[in-house]
Amino acid sequence: MKRIALGVLAGIDTGVRLLVIGCVAVMVTVVSAQVGMRYLLNSSIDWAEEVSRLAFVATVFLAIPLGLRDRAHVGIDILVSRLPAPLRDGLARLLALLAAGMLLVVFATAIRVADATWSERLGSLDVTSSVFFVPVIVSALHTALHLLAEAIWPTATATLVPPEGDAILEQPS
């Protein structure tokens, strides 16, 4: 069960990573084209701002679970790092479960809000404005899955709190 679940999560990570790369490529291409059009041809692309904004929002939200998995987010562990290992690990599991629960609430709420605003359209594109909620919905569920895996199988991934002495910023001796 553990191997299958972690394999599925790794597959989701790969797909999301490719999606993030695609979003960044779209954002850079559209913004570059827009700048070129404005300064070289004295014209502009009507939909460039909305497409680049959507690509930016998608990049930020879709990258959150990848950052969590890679331990790239900032954490303050001044107190927690001084706790005994069993207490530190139990606290990490509890906080992972609480954060996963919160993200499941965000997931459900974002779906409700997207549904409520589905009839609203973007200004220059004939697309629902709820398209901005899609990355939030995907990110909330994906991040919750990572946190649940961390809470259930903490040894399968790196611990949420680094062990004592592994802090990035060490005091000089």
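Here's a quick tour of this protein chain, from its overall fold to the residues packed inside. Keep in mind that the model is predicted. The chain has 173 residues, and its secondary structure comes down to four helices and zero strands.

**Overall layout**
- Starting from the N terminus, the elements simply go α-α-α-α.
- Take the contacts in the chain with a separation of 6 or more: 72% of them link residues 24 or more positions apart.

**Surface and burial**
- About 11,100 Å² of the chain's surface is accessible, and carbon and sulfur atoms account for 70% of that.
- As for the inside, 30% of the residues count as buried.

**The largest nonpolar core**
- In soluble globular proteins, nonpolar side chains tend to be buried together.
- Here, the largest nonpolar core has eight residues: Leu68, Ala96, Ala100, Leu103, Ala140, Ala144, Leu147 and Ala151.
- Two helices, α3 (85-116) and α4 (133-152), each chip in at least two residues of this core.
- The top contributor is α4, which gives four residues.
- For a close-up, look at Ala100: setting aside neighbours within four places in sequence, Ala100 is in contact with Ala144, Leu147 and Leu148.

**A separate core**
- Apart from the largest core there's another one, made of six residues.
- Among the members of this other core are Val16, Cys23, Leu62 and Leu66.

Definitions and conventions:
Residues numbered from 1 in each chain as written. Predicted model: local features only at pLDDT ≥ 70, side-chain atom pairs only at ≥ 80, totals over all residues. Heavy atoms only, no water. Core = buried A, V, L, I, M, F, W, Y, C linked by side-chain atoms within 4.5 Å. Buried < 20%, exposed > 50% of the residue type's maximum accessible area, 1.4 Å probe, protein only. Contact = heavy atoms within 4.5 Å. Areas by Shrake-Rupley, 256 points an atom, 1.4 Å probe, with all protein chains shown as cover.
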